[in-house]
Structures are given as structure tokens and as C-alpha cells.
Amino acid sequence: MANDVVDARERRRYEITADGKVAGFAEYILTDGLVTFTHTEVDPAFEGRGLGGALVRAALDDVRSRGLKVLPLCPFVKGWIQRHRDYADLVYGSAE
């Protein structure tokens, strides 16, 4: 089954579904031109399936498509970006 990621704007978070259920989320604060990721969580029942990485990748792809920058306060998002340097340009204050 495909894992869908949606921007649940009313809850200020990106959500990933698996097996028809919300399996994880990445919370954010949106300000003018900046998405600050504050917390990412995957339900323990869905751990070990790569959903956290898929969630962050999809969220950052959406941020990029909207022309916004990222402030990764969440350690998971920050670490993911550090391991995937092709996303480093999204980080607020990075050289363009």
C-alpha cells in the first residue's frame, strides 16, 4: 500500500498514512517565507518501515515547491537534512 503525505494545514503538520491510518507527522510553524519544523513522530506500530524519512522528504519537497525556507529545530528533520545534502539549500541562512 502506498504511503501518502499530506499537509494538514489546520493541524500545522505534515502527516503520512500507512495501512489507511495516520502513521506519523511532522509539526511545523509557518511564518512569512519560513517553515519551522518543531517535532516529528512516527507511531511505534509503524517504526522500522522508513516512514519518518519518507515523511520528511515529502514535506521538504513541498516546502521547496512553494519557494519557502526551513528552520529545522526538530532533531530528526535536522539530522535527515544533514544526511541528504541535496536539501541543505532549503535551510534558512544557507548559501543559495
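Visitor: Let's start with Trp-80 and Tyr-87: are they buried or exposed?
Guide: Keep in mind that this is a predicted model. Buried here means under 20% relative accessible area. Both Trp-80 and Tyr-87 count as buried.

Visitor: What kind of aromatic pair do Trp-80 and Tyr-87 form?
Guide: Their ring centres are 5.1 Å apart, and their planes meet at 65°. Planes over 60 degrees apart count as edge-to-face. So with 65° between the planes, the label for Trp-80 and Tyr-87 is edge-to-face.

Visitor: How many aromatic pairs are there by this rule?
Guide: Ring centres have to lie within 6.5 Å to make a pair. Counting that way gives 4 aromatic pairs.

Visitor: And which kind of pair are Tyr-28 and Phe-37?
Guide: Tyr-28 and Phe-37 are both buried. Their ring centres sit 6.3 Å apart. The planes are at 70°, so this pair is edge-to-face.

Visitor: Which residues form one aromatic cluster?
Guide: You've already met two of the members, Tyr-28 and Phe-37. Add Tyr-14, and the cluster reads Tyr-14, Tyr-28 and Phe-37.

Visitor: Which ring does the charged end of Arg-13 sit over?
Guide: Look 4.3 Å from the charged end of Arg-13 and you reach the centre of a ring. That ring belongs to Phe-25.

Visitor: Why is Thr-40 called buried?
Guide: Thr-40 is part of strand E4, residues 34–42. Leaving aside neighbours within four places in sequence, its contacts include Phe-25, Leu-55 and Phe-76. The cut-off for buried is under 20%. Thr-40 gets the label because its relative accessible area is 15%.

Note on methods: Residues are numbered from 1 along each chain as its sequence is written. This is a predicted model: local features need pLDDT of at least 70, side-chain atom pairs count only at pLDDT 80 or more; totals for chains, interfaces and linings use all residues. Side-chain values use heavy atoms; hydrogens and water are left out. Helices (H or I, at least four residues) and strands (E, at least two) are DSSP runs, numbered from the N terminus. Buried means under 20% relative accessible area, exposed over 50%, partly exposed in between (1.4 Å probe, protein chains only). Contact means heavy atoms within 4.5 Å. Rings of Phe, Tyr and Trp (its six-membered ring) pair if their centres lie within 6.5 Å; planes under 30 degrees apart count as stacked, over 60 as edge-to-face and the rest as tilted. A charge sits over a ring if NZ of Lys or CZ of Arg is within 6 Å of the ring centre and within 35 degrees of the ring normal.
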